[in-house]
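Subject: Structure handover

Dear colleague,

Here is the structure I said I would pass on. Please open it alongside this message; my notes follow below.

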Amino acid sequence: MQYQLNQKWHFDVSSRTISHNETCHTLTPLSHRLLLTLIEHAPDLVTYQQLEQQVWLGRIVTHDAIKKQIARLRKQLNDDAIQPEYIVSERSFGYRLSATVEKVNHQPLVPTTKRFSIITVSAISFALLFALGIYQYFLTTLKHAENTVTVLSVAQQHVAQETAEDNLRAITLYQQSINTSPAVNDSYKGLSQALLDDYKLYNQAEDALEQSLINAKKALDLTPTSPSAQRLQAQAHALQGRYSLAQQQLTEMVADTPDWPLLKANLAESYLSQGNTINAYPLARQAYESSSSEPKIVATYLNCLRKMYMTQWFENVYNNVSPIVKASPWVQLEYIKLLQQQGKHKTATQQLNVLASTASHSQALNWFTALSYLSEYHHKQAVDTLSLTVEKQGKYALFSRLYLSLLTAQPKLINRYQNDILTLIEAGNQDPELVFSLGLISLYHQHNVKAKRYFKQAILLGFSDEFRFKALPFNLTAEQAHLIDIIIQQLNVSNLKRRVKRTPK
């Protein structure tokens with residue numbers, strides 16, 4: 001098979017050469033697969049994920065590695081990256097071939113006429129019919145494959161928009177792809193990631209976390225050694241509070257794939273959930289230095305800097321990232337958490353209201369808004385905010401319901417949520433927020449000694465937000481206020497140990 005690009009470059013697939021006039025280049029196997037993949041998808045976009053699967057044959061590669069390979073191919077085609085004639089970059093999505101592509105076919109030789117017997121003619125007819133059936137089958141299969149690639153590409157573009165509506169559209173498209181082509185690994189991985197994002201921020205899909213884990217397992221069933229599917233499974237385990245399991249999986253993967261920034265960021269997040277900034281910091285920083293254009297990686301680094309009380313470093317990173325990264329809800333949410341940590345709750349509430357334009361019914365955003373209201377002693381506004389999304393199945397579902405029941409003094413519901421929390425802890429959930437919540441319930445029931453014990457345990461497990469002890473969903477007695485002051489002093493000491501033990505280079 002041969003192609004002509006822009007009626008200029010001649011690409012011979014079998015010999016792996018591109019030629020024009022007296023210039024001829026022999027492509028490396030990687031460049032050959034890259035150019036062929038771009039041609040086969042032209043003029044459609046080829047996403048980073050598709051390039052990973054079709055060019056690097058499933059190996060995990062960074063965006064920088066793909067960019068370098070694109071640059072090499074552009075150089076051989078004499079293509080200008082600023083004003084491209086052949087390969088166009090779609091920022092954060094992938095690449096597409098903009099050149100006109102023409103197939104160059106050799107004319108077949110005309111066979112000499114011969115007499116055939118009836119048996120021979122029948123045999124040839126049967127062979128032709130059989131070949132036609134095979135052709136139709138592969139044509140249908142190819143059409144399904146092309147449709148799947150297109151659907152996956154569009155779904156990935158929706159995910160990159162980082163809004164609730166786009167994420168929901170992506171979930172629908174990934175499911176559509178699975179229904180059409182149930183053996184495509186990328187569909188399950190894409191759906192798993194979109195559901196994880198939904199659970200953490202958007203709350204549009206019911207039981208998103210459970211479904212994400214199911215789809216990650218389906219992807220692993222298709223490709224048992226897929227690192228990206230294993231990463232998604234570990235992420236889901238971390239969101240279930242199974243930090244030890246997630247850390248074990250991610251640590252092994254980092255050892256096998258040390259140049260994957262997102263993997264390091266996920267492991268750092270798992271450590272941060274337990275207040276382990278010493279192990280989290282080098283991972284978060286390495287991930288950020290390798291990929292400062294990925295919003296989730298930047299958000300992880302900011303989270304680490306915030307928990308280490310490195311405010312100046314936080315602000316430097318936040319102010320120096322690109323406008324696109326800074327506008328990401330993941331990065332914005334970390335900035336809001338910093339404002340809350342600094343006691344700037346009015347500013348935090350204003351920022352949350354702005355961010356709500358991307359996810360107006362987000363349980364996560366309403367949860368943090370309610371915490372700022374409580375810090376300002378605006379209990380009615382906190383009740384109104386929690387009531388908006390309390391029934392959604394997101395990351396803050398149980399905590400939102402508990403706070404609402406404490407604010408509205410509903411003992412039966414409080415006891416019910418206490419039992420739910422104890423069940424989760426017994427099942428292996430290591431989230432310090434659960435133990436902190438048991439302390440709140442004990443405080444509400446005037447069991448001050450038990451509350452003190454739970455709060456200390458939560459701090460040991462990694463609970464570090466000092467302002468949360470002031471953002472309580474009920475009024476305290478004088479004795480309880482004194483108890484909280486003592487707990488805050490102990491937390492200050494604990495947080496001091498988490499702060500910078502060495503000056504970052």
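Contact, as the word is used in these notes, means heavy atoms within 4.5 Å. Please also keep in mind that this is a predicted model.

With that meaning of contact, start at Ala 194, which lies in helix H6, residues 185-202. Setting aside residues up to four places away in sequence, Ala 194 touches Asn 167, Ile 171 and Tyr 174. One of these, Ile 171, is 23 residues from Ala 194 in sequence, while the two C-alpha atoms are 6.1 Å apart in space. Is Ala 194 buried or exposed? Its relative accessibility is 0%, so Ala 194 counts as buried; the cut-off for buried is under 20% relative accessible area.

Asn 185 is also found in helix H6. Asn 185 has a relative accessible area of 10% and is therefore buried as well. Once neighbours within four places in sequence are left out, the residues in contact with Asn 185 are Ala 219, Leu 222, Thr 223 and Ser 226.

Next, the helix pair H7 and H8. Helix H7 covers residues 208-222 and helix H8 covers residues 227-239. Their axes come within 9 Å and cross at roughly 155 degrees. Because angles over 145 degrees count as roughly antiparallel, H7 is roughly antiparallel to H8. The crossing of the two helices is left-handed.

Which residues of H7 and H8 meet? From H7 they are Leu 209, Leu 213, Ala 216, Lys 217, Ala 219 and Leu 220. On the H8 side they are Ala 229, Gln 230, Leu 232, Gln 233, Ala 236, His 237 and Leu 239. Sorted by class, this contact has nine nonpolar residues, three polar ones and one charged one. Ala 219 appears in both places: it meets H8 as part of H7, and it is in contact with Asn 185 of H6.

Finally, some totals for the chain. Its secondary structure comes to 23 helices and eight strands. The chain has 505 residues, of which 50% count as buried. The exposed area is about 25200 Å², with carbon and sulfur atoms supplying 53% of it. If one takes the contacts between residues at least 6 apart in sequence, 59% of them join residues at least 24 apart.

Best regards

Conventions: Residues numbered from 1 in each chain as written. Predicted model: local features only at pLDDT ≥ 70, side-chain atom pairs only at ≥ 80, totals over all residues. Heavy atoms only, no water. Axes fitted to C-alpha atoms, helices over the stretch in contact; angles between N-to-C directions. Helix = DSSP H or I, 4+ residues; strand = E, 2+ residues; numbered from the N terminus. Parallel < 35°, antiparallel > 145°, perpendicular 65-115°, else oblique. Left-handed = near helix turned anticlockwise from the far one by under 90°. Nonpolar A, V, L, I, M, F, W, Y, C, P; charged D, E, K, R; others polar. Buried < 20%, exposed > 50% of the residue type's maximum accessible area, 1.4 Å probe, protein only. Areas by Shrake-Rupley, 256 points an atom, 1.4 Å probe, with all protein chains shown as cover.
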